[in-house]
Amino acid sequence: MKENRTISAAIIAVGLACLGCFIKAGIDDFANKDRRVNVKGLAEQEVEADKVTWPIVSKELGNDLPELYNKIGVTQGKIKAFLMRNGIKDNELTINAPSVVDLNAREYSDNNKNYRYIITSVITVTSRNVAQVRSIIAKQGDLLKEGVAIVDGSYDNPVKYEYVSFMDMKPKMMQEAIENAEKTAQQFAENSHSKLDKIVSADQGQFSIDNRDDNTPYIKKVRVVTTVTYSLKD
């Protein structure tokens with residue numbers, strides 16, 4: 001009987017010890033559950049655009065519509081020949097149908113202009129060889145010698161540079177952004193006399209692709225910012 005009481009007491013003691021451990025773990029978890037650090041990680045990289053879209057705009061003004069169509073056809077032929085001489089391939093060209101504006105048909109036209117019709121032609125070059133197209137853009141003044149005046153595309157038809165290989169660099173930039181976030185969190189933990197624990201949450205990051213500046217739109221700045229939350233422990 002005495003032996004049974006000893007065994008029971010030992011079992012109770014072990015049970016109380018385990019219960020104490022569980023209670024302590026629960027208290028520690030409760031005390032530490034709000035001990036988190038929320039940090040942002042940044043990764044940036046400058047890249048050269050790998051696609052260019054160049055709309056080449058030309059106009060003819062006059063009163064004889066058939067004659068203007070003939071003129072715009074000749075102009076299109078000269079522009080196409082100029083591009084082909086400089087290495088542009090046929091599959092990189094898109095020639096849109098000319099558009100016509102009849103000034104007399106405008107409701108508020110004063111009809112005092114020396115011409116009635118404006119015909120606009122747009123030939124678009126789309127290429128992955130950005131350096132080549134940029135060199136041709138610099139030579140477009142040669143068309144003036146052939147009597148062809150290129151109209152500034154302005155807001156309607158600007159030269160557009162893109163970076164379409166973005167997806168290839170996305171995983172590496174995400175990794176870099178998370179590593180930078182971890183460095184920031186580690187420094188915070190050291191400053192607060194804590195240790196960095198596991199990641200509680202993380203977002204996929206927001207990517208942006210912008211021109212480096214207004215003067216070099218063919219150089220892009222790729223940027224990602226990710227937010228990571230870590231738990232802290234003593």
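This passage walks through the fold and a handful of local features of a predicted model.

The protein contains four helices and nine strands. Read from the N terminus, these elements follow the order α-β-β-α-β-β-β-α-β-α-β-β-β. Of the 234 residues in the protein, 30% are buried. The accessible surface comes to about 15,400 Å², with carbon and sulfur atoms accounting for 51% of that area. Contacts across the sequence are well represented: among the contacts with a separation of 6 or more, 78% link residues that are 24 or more positions apart.

Helix α3 is a convenient place to begin a closer look. Within α3 (130-139), the residues Val130, Gln132, Val133, Ile136 and Ile137 are buried. These residues lie on the same side of α3, because together they cover an arc of only 160° around the axis. Ala131 and Ala138 are exposed, on the other side of the helix. As for the partners of this helix, its buried residues pack against β2 (51-62), α2 (65-85), β5 (117-127) and β6.

Another residue of interest in this part of the chain is Arg134, whose charged end sits over the ring of Tyr218, 3.5 Å from the ring centre. The same tyrosine also takes part in ring pairing, a topic that deserves its own paragraph.

A pair of aromatic rings is described by the distance of the centres and the angle of the planes. The count of aromatic pairs in the model comes to two. One of them joins Tyr161 and Tyr218 in an edge-to-face arrangement, with 5.9 Å centre to centre and 70° between the planes. Tyr161 belongs to strand β6, whereas Tyr218 is in the loop between β8 (206-211) and β9 (219-233), so this pair ties together parts that are 57 residues apart in sequence. The partners fall into separate burial classes: Tyr161 counts as buried at 11% relative accessibility, while Tyr218, at 21%, counts as partly exposed. The cut-off for buried is under 20% relative accessible area, which is why a value of 21% falls outside that class.

The rings of Phe166 and Phe207 also form a pair; their centres are 5.0 Å apart and their planes are at 70°, so this pair is edge-to-face. Here the link runs between helix α4 (residues 166-191), which holds Phe166, and strand β8, which holds Phe207, so parts 41 residues apart in sequence are tied together. Phe166 counts as buried, with 16% relative accessibility, and Phe207 is partly exposed, with a relative accessible area of 22%.

Polar side-chain contacts offer two further points to inspect. Thr226, placed in strand β9, is buried with a relative accessible area of 0%. Its side chain is joined to that of Asp203 by a polar contact of 2.8 Å. Beyond residues up to four places away in sequence, Thr226 touches Val39, Lys40, Gly41, Met174, Ala177, Ile178, Asp203, Gln204 and Gly205. Ser165, in turn, is found in the loop between β6 and α4. The side chain of Ser165 makes a polar contact of 2.6 Å with the side chain of Asp50. Leaving aside neighbours within four places in sequence, Ser165 is in contact with Asp50 and Arg128.

Two loop residues complete the tour. Pro158 lies in the loop between α3 and β6 (160-162), and is partly exposed with a relative accessible area of 41%. Apart from residues up to four places away in sequence, Pro158 touches Thr53, Pro55 and Gly153. Pro158 and Ile56 are 102 residues apart in sequence, yet their C-alpha atoms are 9.2 Å apart in space.

The other loop residue is His193, placed between α4 and β7 (195-202). At 72% relative accessibility, His193 counts as exposed. The backbone of this residue merits a glance as well. Most residues other than glycine have a negative phi, and most peptide bonds are trans. His193, although not a glycine, has a positive phi of about 55°.

Note on methods
Residues numbered from 1 in each chain as written. Predicted model: local features only at pLDDT ≥ 70, side-chain atom pairs only at ≥ 80, totals over all residues. Heavy atoms only, no water. Buried < 20%, exposed > 50% of the residue type's maximum accessible area, 1.4 Å probe, protein only. Contact = heavy atoms within 4.5 Å. Areas by Shrake-Rupley, 256 points an atom, 1.4 Å probe, with all protein chains shown as cover. Phe/Tyr/Trp six-rings, centres within 6.5 Å; stacked < 30°, edge-to-face > 60°. Lys NZ or Arg CZ within 6 Å of the ring centre and 35° of its normal. Polar contact = N/O pair within 3.5 Å; in protein donor to acceptor, adjacent residues only side chain to side chain. Arc of directions from axis to C-beta.
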